[in-house]
Amino acid sequence: MKSFVDRGIDILPILSENSRNISTRFGKAEDFSRKVEDIAKKKIICTIQDSEPIGPNRNLEAMIILPCTGNTLAKMAHGITDTYVI
C-alpha cells in the first residue's frame with residue numbers, strides 16, 4: 001500500500017470483518033487497522049452500510065484483493081456474497 005501511495009495512487013481501504021477484528025500471531029488487529037489508515041490517510045470501510053455506495057456511486061479504477069484466498073476466489077467466481085467485502 002505504501003508504495004502505491006508514494007506513487008500518488010489514491011487508496012480506498014476496505015477490510016473484511018476478520019481482518020479488522022481478529023488478532024493473530026502476526027500482530028494485533030487494531031495495530032494493523034491503524035497502520036492501514038495511516039498509510040491510506042482514510043478511514044477504513046468496514047461495515048455493510050459504508051460499503052454499499054461504492055458500487056453505484058464510486059467508480060474505482062482497480063481493486064486489489066490481498067490476500068486472495070481460494071475461498072475468496074471461489075466466491076467471486078460463483079457470485080457468492082455472504083459478507084460486505086465479497
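Reader: Hello! Where along the chain does Glu52 lie?
Author: Happy to help. This is a predicted model, in which local features need pLDDT of at least 70, side-chain atom pairs count only at pLDDT 80 or more, and totals for chains, interfaces and linings use all residues. Residues are numbered from 1 along each chain as its sequence is written, and side-chain values use heavy atoms, leaving out hydrogens and water. With helices (DSSP runs of H or I, at least four residues) and strands (runs of E, at least two) numbered from the N terminus, Glu52 falls in the loop between H4 and helix H5 (54-57).

Reader: Is Glu52 buried or exposed?
Author: Let's set the scale: buried means under 20% relative accessible area, exposed over 50%, and partly exposed in between, with a 1.4 Å probe and protein chains only. Glu52 has a relative accessible area of 53%, so Glu52 is exposed.

Reader: How far apart in space are Glu52 and Lys75?
Author: Along the sequence, 23 residues separate Glu52 from Lys75. From C-alpha to C-alpha, their distance in space is 18 Å.

Reader: How many helices does the protein have?
Author: The elements run α-α-α-α-α-α from the N terminus on. The protein has zero strands, and its number of helices is six.

Reader: What share of the residues counts as buried?
Author: The C-alpha atoms fill a box of roughly 35 × 35 × 25 Å along the principal axes. The protein exposes about 6,900 Å², of which carbon and sulfur atoms supply 54%; such areas come from the Shrake-Rupley method with a 1.4 Å probe, and for residues only the protein chains shown count as cover. Of the 86 residues, the buried share is 19%.

Reader: Is Ser33 buried or exposed, and which residues does Ser33 touch?
Author: Ser33 lies in helix H3 (residues 29-40). Its relative accessible area is 5%, so Ser33 is buried. A contact means heavy atoms within 4.5 Å. Not counting residues up to four places away in sequence, Ser33 touches Leu15, Ser19, Arg20 and Ile44.

Reader: How many salt bridges are there?
Author: Side chains of opposite charge can pair when their charged atoms come close. The rule asks for a side-chain nitrogen of Lys or Arg within 4 Å of a carboxyl oxygen of Asp or Glu. By this rule, the count is four.

Reader: Which residue forms a salt bridge with Lys2?
Author: The closest N and O atoms of this pair are 3.2 Å apart. The two residues are four residues apart in helix H1, so about one helical turn separates them. The partner is exposed, with a relative accessible area of 54%. The partner of Lys2 is Asp6.

Reader: How far apart in sequence are the parts that Lys42 and Asp10 tie together?
Author: Lys42 forms a salt bridge with Asp10, with the closest N and O atoms 2.1 Å apart. Lys42 is in the loop between H3 and helix H4 (48-51) and Asp10 in the loop between H1 and helix H2 (17-21), so the parts tied together are apart in sequence by 32 residues.

Reader: Which helices are linked by Glu37 and Arg20?
Author: The side chains of Glu37 and Arg20 meet in a salt bridge at 3.8 Å, N to O. This pair links distant parts of the chain, 17 residues apart, with Glu37 and Arg20 lying respectively in helices H3 and H2.

Reader: Which residue other than glycine has a positive phi near 60°?
Author: The residue sits in the loop between H3 and H4. At a relative accessible area of 69%, the residue is exposed. The residue with this phi value is Lys41.

Reader: Which element gives the largest share of the lining of the second largest pocket?
Author: On a 1 Å grid over the protein atoms alone, a pocket is an open set of points where a 1.4 Å probe fits, with protein on both sides within 12 Å along at least five of seven lines, and lining residues have an atom within 4 Å of a point. Residues lining the second largest pocket include Asn18, Phe26 and Phe32. The elements giving two or more residues to this lining are H2 and H3. The largest share, three residues, comes from H3.
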